[in-house]
Amino acid sequence: MNQNNTLEKIIIIDFGSQFTQLIARKVREAGVYSEIINSNQVRNLTKNKLTKGIILSGGPLTITNKNSINLDDHILSLNLPILGICYGHQILAKKLGGKVKISKNREFGKAFVKSKSKSPITKNFFKNKNNLVWMSHEDIVYKIPPGFKQIASSNNSKFAIIANEKKKYYGIQFHPEVSHTINGKILIRNFVLNICKIKKKWNLKRQKEILISDIKKKVKKDKVICALSGGVDSSVVALLLKKAIGNKLICIFINTGLLRKNEEREVLKTFKKKLKLKLIYINASKLFLKKLNNVTHPEKKRKIIGKLFIQLFERYAKKVKGVKFLAQGTLYPDLIESKTVTGSPSSKIKSHHNVGGLPKKMNLILIEPLNALFKDEVRKLGLQLSLPKVLLLRHPFPGPGLAIRIPGKITKEKIDLLKEADFIFINELKKSNLYNKIWQAYAALLPVKTVGVMGDSRTYEYTCLLRAVTSEDGMTADFFSFKKIFLQRVSNKIINSIRGINRVVYDVTSKPPSTIELE
Ligand code: XMP
């Protein structure tokens, strides 16, 4: 994240939660600058006029384990307001004399909290009697520290929110930072604006200026090649770079053969004609297919694709004189789920192709201006950079493309089947005005053949899976509730027009426990 030394800020201490960056984002949405630091680095925190409050994140560790991290005394010695979330709530309570244990009733997912007493942290939070929140914990605080009072409770957490108003210490057992906690934003806003008393000075317009000036400072007189995929993220990166360095930007678009139907044609048209970017087009579909031949392991697929991407970029970059940098549209969620950003103990979920897939030794220096931002923030940034609406509102598409939507072996035949099925599904969404109500939708081809009957004959063909989710940032997601008639229409069209698919299923899992992509 860009360090900003002029704005009042909140420091978020990362104990390894998958949601730490969401906390930062919610703080920024409240108009306040925030920085994340690793739980091992708290000793580096010094008293200064700009730091106005501390948030302790959640984390995968259990506090009941003897080896778990303790809350460093140094944090308390700063005499700042503190908000502990989930693990942060438990560690704060324990440090101050409360008691924590493994609960018999784990809480994962939706829960309701009730108000028990008034507090500035819950001002305007309890608009309804029972508030919907999102829990994810096994441990609970069962005795609160001296000086604290109970502010809210849920069925399984007596101390869902606690407060020591005098010290301005607050603990919340659930996750106010995730969108499933309906009024979560209000809690964060109350903490940063009312309790820490920070003035709203952070916004994306300012971020845009900072990013452009950072790029200028880093690149100087050299050239940058930008990996364009045709999606929102890399397009926004290209526009930022164009603003920062003008014609020292050369974009490269690689056709992996794993793109959606007609995608390469549309991308080339938009970027060359509409955005007037310098663009090199490489058709490497045969090469990708060859390298992926017989590969079935999801992580292996991702690594192969990531490596090949970089090799091709390096090869073509050599042909352009003076290129020193490679720009990518890596987002913060890509980083969170591939490796830990601050070195805290968050568990790795999958290697996003442009992060974990990169080879250890690279000749080009990476520029990833969006790696502290979330998708919705990138869209807002795109709006400011006048990115055409067709690109701006496009559903996200993963770098490894259709490869991670074909579990098992990838063949040309399977790719072709999938392209057609996906095309039908997305077209129907657009025709029914559902496309923009859904965060991401796609078809996948499962490696299962099943028996069917068509026109009195037996068929033995592939299964197509449809996935459509609502989400705010891709970190959590819920499946979209279609009407039966819509799914029926899509299923009929796919089966009637694609020879090779005789069954269509709809994925009804949320994230977590599933992920959005299949691999
Ligand atoms: P998952 O499957 O992790 O996906 O729930 C979250 C979001 O990230 C996209 N995704 C990727 N994007 N490179 C990308 O640029 C990747 O390797 C990658 N893997 C997943 C996914 O489509 C969803 O929007």
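Author: Two strands count as paired if DSSP finds at least two bridges between them. Keep that in mind as we read this structure, which is a predicted model.

Reader: Let me start with the whole chain. How many helices and strands are there in the protein chain?

Author: The protein chain has 14 helices and 18 strands. Its radius of gyration is 25 Å, and the globule rule gives 24 Å for 519 residues, so the chain is as compact as a globular protein of that length. The C-alpha atoms fit a box of roughly 70 × 65 × 40 Å along the principal axes.

Reader: What percentage of the residues count as buried?

Author: The cut-off for buried is under 20% relative accessible area. By that test, 58% of the 519 residues are buried. Now look at the surface. The accessible area is about 23,400 Å², and carbon and sulfur atoms hold 51% of it.

Reader: And the contacts? Among those between residues at least 6 apart in sequence, what percentage join residues at least 24 apart?

Author: That share is 75%.

Reader: Now a sheet. In what order do the five strands of the open sheet come?

Author: Read across: β12-β11-β10-β13-β14, with parallel pairing. The edges are β12 (279-283) and β14 (365-367); each has a single partner strand, so one side of each lacks a neighbour in the sheet. Neighbouring strands here are turned by 30° against each other on average, direction ignored.

Reader: Which helix packs on the sheet and touches β14?

Author: Helix α5, residues 204-219. Helix α5 touches β10, β13 and β14, and its direction makes about 165° with that of β14. Then find helix α6, residues 232-245. Helix α6 lies across β10, β11 (249-255) and β13, at about 160° to β10.

Reader: How many bridges join β10 to β13?

Author: Four, between residues 223-228 of β10 and 323-327 of β13, and the two strands run parallel. You can follow the ladder residue by residue. K223 stands opposite V323 in β13. V224 has F325 as its bridge partner in β13.

Reader: What joins β13 to β14?

Author: Three bridges, with the strands running parallel. A327, for one, has I367 of β14 as its bridge partner. Check the cover on β13 too: four of its five residues are buried, so the rest of the structure largely encloses it.

Reader: Let me try another strand. How many of the residues of β1 are buried?

Author: Six of six, along residues 9-14. Look at both faces. K9, I11 and I13 point to one side, I10, I12 and D14 to the other, and all are buried.

Reader: Which strand does β1 pair with over five bridges?

Author: Strand β3, residues 51-56, in the parallel sense. I12 stands opposite I55 in β3. β1 also has six bridges to strand β2, residues 33-38, again running parallel. There, K9 has Y33 as its bridge partner.

Reader: Next, helix pairs. How are two packed helices described?

Author: By the angle between their axes and the distance between the axes. Take α13 (residues 412-431) and α14 (residues 484-497): their axes come within 10 Å and cross at roughly 145°. The crossing is right-handed. On the α13 side, the contact is made by A421, I424, F425, E428, L429 and K431. On the α14 side, the residues are F486, R489, V490, K493, I494 and S497.

Reader: Last, single residues. Where does S157 lie?

Author: In the loop between β7 (149-154) and β8 (161-164). Being in a loop does not settle the matter of cover. S157 has 2% relative accessibility, so it counts as buried. Leaving aside neighbours within four places in sequence, S157 contacts E107, M135, H137, I140 and Q173.

Reader: Is H74 buried or exposed?

Author: Use the cut-off again. H74 is at 19% relative accessibility, so it counts as buried. H74 lies in helix α2, residues 73-77. Not counting residues up to four places away in sequence, H74 touches V42, R43 and L45. For a sense of distance, try E472: 398 residues along the chain from H74, with 35 Å between the two C-alpha atoms.

Definitions and conventions
Residues numbered from 1 in each chain as written. Predicted model: local features only at pLDDT ≥ 70, side-chain atom pairs only at ≥ 80, totals over all residues. Heavy atoms only, no water. Axes fitted to C-alpha atoms, helices over the stretch in contact; angles between N-to-C directions. Contact = heavy atoms within 4.5 Å. Buried < 20%, exposed > 50% of the residue type's maximum accessible area, 1.4 Å probe, protein only. Rg over C-alpha atoms; globule rule 2.2 N^0.38 Å. Areas by Shrake-Rupley, 256 points an atom, 1.4 Å probe, with all protein chains shown as cover. Left-handed = near helix turned anticlockwise from the far one by under 90°.
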